[in-house]
Amino acid sequence: MDRCRLPEFGGFVSRSFLVELNKQNVAESPVLDEPWRELHWGENQMNLKYVQKYKPEQDDIRYLRVLLYGPVGAGKSSFINSVSNVLRGRMTIPALASATMTDKSFTKKYETHKFIKGRGSTKTFYPLVYNDIMGLEDGTNRGVHADDIKLALRGRVKEGHKFNPVAPLTQDDPGYNPSPSADDKVHVLVCVMSANTPQMNLSVLEKMKSIREAASDLGIPQMAMMTHIDEACGETERDLRNVYKSKYLRKKMKDFSAAVGIPMNCIFPVKNYSEEIDLNDDVDALILSALRKMVDFGDDFIERI
């Protein structure tokens, strides 16, 4: 029989119609059958120990320094908190983060975030630090100046310097570091962008390209964290392990790679801790995957300098 009765389509339909309908349903699936990138979800403890045991081999470098930059509201401070949660095995808030959506940067100062290791008299710090910076904003005289980030790459920005959107840092300012040590300089530059942003402003993209070029001239390795993946993709919100099956997230990463120039294998989708009050293994797995690569890339750079 070449026809089938389907009341929802008003009676009988042909088999060829059903074949085409099935093709459309398959094509419209928001997820791939298989993940396009492999992630070993059960290796959290191995990756955690790898990061926890890391130590720079250079005598004049105590800390592997990671600088985070990106548009306002991308989740830079929240990512620092999420890394702290994973390393310390509990919920922490070393970096103040805003829960409101705004086009103004919540972070105003140049601040180094260290992660506590141990307690009491045996307390030390992990040899991995993050520098949070004022967000990039659309237009001129708004947000952090790209030139300030370029100075930070070379260790020229002092701890606690308050950024001025109207005037970039100069050699005459008290926040300028005239003689940076190898420890002050950035070893990994990480762009943080939101998967939930429809389109990035052209002026912000141009600033990001300029910063990326400056880092490339210095030989600094670069990565990108794509945050808010659960808010951007319903399938990932339902099951975080769909992250590398999501067609939407893969396209978002490809579009960002093409726009800024960061290779796909240096872009990592992550979910920051936001609503949770306890740790989650799948959230940790994505963060640790990115964290391990940060350590590897940063250590390679340290070995070359």
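Which residues form a negative surface patch? In this predicted model, the patch is made up of E57, D59, D60, D300 and E303. Charged side chains also pair with one another here, and a search of the whole structure finds 9 salt bridges, several of which are described below by topic.

**The negative patch**
- E303, one of the residues of the patch, lies in helix α9, which covers residues 281–304.
- The side of E303 open to solvent can be put in numbers, since a relative accessible area of 46% places E303 in the partly exposed class.

**Salt bridges within one helix**
- In helix α5 (residues 202–218), K209 and E206 lie 3 residues apart, about one turn of the helix, and they form a salt bridge whose closest N and O atoms are 4.0 Å apart.
- Both partners are partly exposed, K209 with a relative accessible area of 31% and E206 with 44%.
- D255 and K251 form a salt bridge with the closest N and O atoms 2.8 Å apart, and because they are 4 residues apart in helix α8, about one helical turn separates them.
- D255 counts as partly exposed at 41% relative accessibility, whereas K251 counts as exposed at 52%.

**A network of shared partners**
- D230, K271 and E276 are joined into one network by salt bridges that share partners.

**A salt bridge between distant parts of the chain**
- D282 forms a salt bridge with R241, with 3.1 Å between the closest N and O atoms, and this pair links helix α9, where D282 lies, to the loop between α7 (234–238) and α8 (247–260), where R241 lies, 41 residues apart.
- D282 is buried, with a relative accessible area of 18%, while R241 is partly exposed at 41%.

Key: Residues are numbered from 1 along each chain as its sequence is written. This is a predicted model: local features need pLDDT of at least 70, side-chain atom pairs count only at pLDDT 80 or more; totals for chains, interfaces and linings use all residues. Side-chain values use heavy atoms; hydrogens and water are left out. Patches are made of residues with over 30% relative accessible area and no salt bridge: like charges are joined within 9 Å, nonpolar side chains (Val, Leu, Ile, Met, Phe, Trp, Tyr) within 5 Å. Accessible areas come from the Shrake-Rupley method with a 1.4 Å probe; for residues, only the protein chains shown count as cover. Lys and Arg count as positive and Asp and Glu as negative; His and the chain ends are not counted. The place of a charge is taken as NZ of Lys, CZ of Arg, CG of Asp or CD of Glu. Helices (H or I, at least four residues) and strands (E, at least two) are DSSP runs, numbered from the N terminus. Buried means under 20% relative accessible area, exposed over 50%, partly exposed in between (1.4 Å probe, protein chains only).
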